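Please open the model in your viewer and keep the sequence beside it, so that each selection can be followed in both. The tour goes from stop to stop, and at each one you are told what to select and what to look for.

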Amino acid sequence: MSSWISRSTESRNAQLLTTAVVSGAVVASAIFSFQKVRRMTKVADLKASIPEVGEDYPTQRLTEYGAASHVFAPSKEDERSVALAARARKGDYDDDLILEQLARNRVFLTDPGLAKLRSAFIVVVGCGGVGSHATAALARSGCTTLRLIDFDQVTLSSLNRHAVATLADVGTPKVHCLRKRLEQITPWTHFECRNELFSEQTAAAQLAPLNGQAPDYVIDAIDNIDSKVALLAYCKINNIKVISCMGAGCKSDPTRIFIGDISTSTDDPLSKSTRRKLRLRGVKDGIPVVYSTERPGPGKAELQPLPAAEVEKGSVAELGVLPDFRVRILPVLGTMPAIFGLAVANHVILSLADYPQEYLPSKSRDKMYDGILGALQGAEERVARALQLDDAQGLKLPLTQDDVGYLVEEVYGGRSVISGLATRLVLCRWRKPVGEFVDMSTPGQKSSLLKMRELVLMTKEEAARHEKDVLIGGKEVEGVYGGEVVGRVEERLAEEERFRRFR
């Protein structure tokens, strides 16, 4: 073998061949190295061109479970529908055919009402169970301009409640799923699809006019509280008509669904959180909402806990699509989002068509708040008479009926913090006031320096005992109540103190 190699290397042809091979290898290596360096340079330039996140370039972090892809292959039927819709929007569709399809709405709303609906521009934010049914009802009823906003995709679990999604739509953006299916029903409708996350930073662009026409109505079908609050606050501040859908999860009784002002939407956890955050932004009423007064009970569906295996892995927040986005399974009866969505669409249709609306109001508690405010004034006068003044009659309180409603509903949930009872409720100081607590600097006027964070909700009987033992008698609350009650009260008062800074 060694002699063969020796003879081969002595051959001139072999030497030329060896030189060619080595030269080729060197050239190839140089080319590959150059290409690698060029790729690295381009990647570095691309990364350098991406601006830092800040006020000028806001962003939201998405995990690997994030927004739907814009890329999906349409079927032949989809392509035919798209072509027909394109022609219809250009006017290549007989208006008599459109009016025939809308004949039942036409005789109900009358020609002027239907004309207003057909000329309206509506924005739907959130195209899941609620938003899809609202959008489908609006398109079928004659609305011809719809902007759809949602960052999410259709999943298998969406099919129990989505209005039009099929198995073929799984994995596609919800906004394009709606457009694709509804164009097969109302091809003349113009859908502007935005496969985007709604946020406070993008609100102005996402709710901007379309072809010079400002939104006539905005539908809030978002299930993320921060995005919901951002949308409602923006609409309220900018005088854009909006209706919001509260929680349909864990609900099953359609007879308890109401349409009313957000300030009256009690017995709904999502509504409670939304009201509180809106109040911090200076918005406490003036927004119509669809909500349910159904309360949880034995045997009813509840929010499912996160599996222990997932908790043990740590970084539970990373399971969500967005920061603070729910990661636990929310039980949803497929019929309820549809009812909520249709109620929303019904309200918008009637409002735009100027059709009379007389909703059955949910129970008003204003009279109860007035009674609680009056009882609190009487209690303050008695405490002031016992501790500071001889004549405390006419003592003024720095609280309003709205403040009382906020404490009763938002802080204490309409139940006594002592016993949990929900009847014969009053507000009462928690601890005995220290020093002077009545301001008499204004001649002829006596004003209590009472703060909201000093008040707790009790029954009348509990408050009478509390006043006698603690406020006038001087006992410490720790000696009157057990540690569990004291801890619960202090937790509520601390919570109110945190929110007080934004009031």
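A salt bridge is a side-chain nitrogen of Lys or Arg within 4 Å of a carboxyl oxygen of Asp or Glu. With that in mind, select Arg431, Glu476, Glu478 and Glu490, and you will have a network of salt bridges that links these four residues. Please remember throughout that this is a predicted model, and that the values quoted along the way are computed from it.

**The whole chain**

Now clear the selection and show the chain as a cartoon, where you can look for 17 helices and 11 strands. Of the 503 residues in the chain, 43% are buried. If you switch to a surface view, you are looking at about 27400 Å² of accessible surface, and 54% of this area belongs to carbon and sulfur atoms. When contacts with a separation of 6 or more are considered, 74% of them are between residues 24 or more positions apart.

**More salt bridges**

How many salt bridges does a search of the whole structure find? The search gives 25, and the next selections visit some of them. Side chains of opposite charge can pair when their charged atoms come close.

Select Asp95 and Arg118, which form a salt bridge whose closest N and O atoms are 3.0 Å apart. This pair links distant parts of the chain, since Asp95 lies in helix H4 (residues 95-101) and Arg118 in helix H5 (residues 103-118), with their positions 23 residues apart. Asp95 counts as partly exposed because its relative accessibility is 37%, and Arg118, at 21%, also counts as partly exposed.

Move on to Glu192 and Arg194, whose side chains meet in a salt bridge with an N to O distance of 3.6 Å. Are these two residues buried or exposed? Both Glu192 and Arg194 are buried, so a surface view may be less helpful here than sticks.Next, select Asp253 and Arg256, where the side chains form a salt bridge of 3.1 Å, N to O. Asp253 is partly exposed, with a relative accessible area of 22%, while Arg256 is partly exposed at 39%.

**Aromatic pairs**

Turn now to the aromatic rings, of which the structure holds 4 pairs. A pair of aromatic rings is described by the distance of the centres and the angle of the planes.

Select Phe258 and Tyr291, a stacked pair with 6.1 Å from centre to centre and 25° between the planes. The two residues are 33 residues apart and link distant parts of the chain, with Phe258 in strand E6 (residues 257-261) and Tyr291 in strand E7 (residues 288-292). Phe258 counts as buried because its relative accessibility is 17%, which is under the 20% cut-off, and Tyr291 is buried with a relative accessible area of 1%.

Then select Trp430 and Tyr481, another aromatic pair that is stacked, with 5.4 Å between the centres and 25° between the planes. Where in the chain do Trp430 and Tyr481 lie? Trp430 is in the loop between strand E8 (425-429) and strand E9 (438-439), whereas Tyr481 is in the loop between helix H16 (477-480) and helix H17 (483-500), so that this pair, 51 residues apart, links distant parts of the chain. Trp430 and Tyr481 are both buried.

**Two backbone angles**

For the next stop, show the backbone atoms. Most residues other than glycine have a negative phi, and most peptide bonds are trans.

Select Asp354, which is not a glycine and yet has a positive phi of about 60°. You will find Asp354 in the loop between helix H12 (335-352) and helix H13 (366-387). Asp354 counts as exposed because its relative accessibility is 54%, which is over the 50% cut-off.

Arg424 is the residue to select next, and its phi is also positive, near 50°, in a residue other than glycine. Arg424 is placed in the loop between helix H14 (401-411) and E8, and it is partly exposed, with a relative accessible area of 48%.

**A patch on the surface**

Finish with the surface view and select Val27, Ile31 and Phe32, which make a nonpolar surface patch of about 300 Å². Within this patch, Ile31 belongs to helix H2 (residues 12-49), and Ile31 is partly exposed, with a relative accessible area of 42%.

Notes: Residues numbered from 1 in each chain as written. Predicted model: local features only at pLDDT ≥ 70, side-chain atom pairs only at ≥ 80, totals over all residues. Heavy atoms only, no water. Helix = DSSP H or I, 4+ residues; strand = E, 2+ residues; numbered from the N terminus. Buried < 20%, exposed > 50% of the residue type's maximum accessible area, 1.4 Å probe, protein only. Contact = heavy atoms within 4.5 Å. Areas by Shrake-Rupley, 256 points an atom, 1.4 Å probe, with all protein chains shown as cover. Phe/Tyr/Trp six-rings, centres within 6.5 Å; stacked < 30°, edge-to-face > 60°. Patch = residues over 30% accessible without salt bridge, like charges linked within 9 Å, V, L, I, M, F, W, Y side chains within 5 Å.
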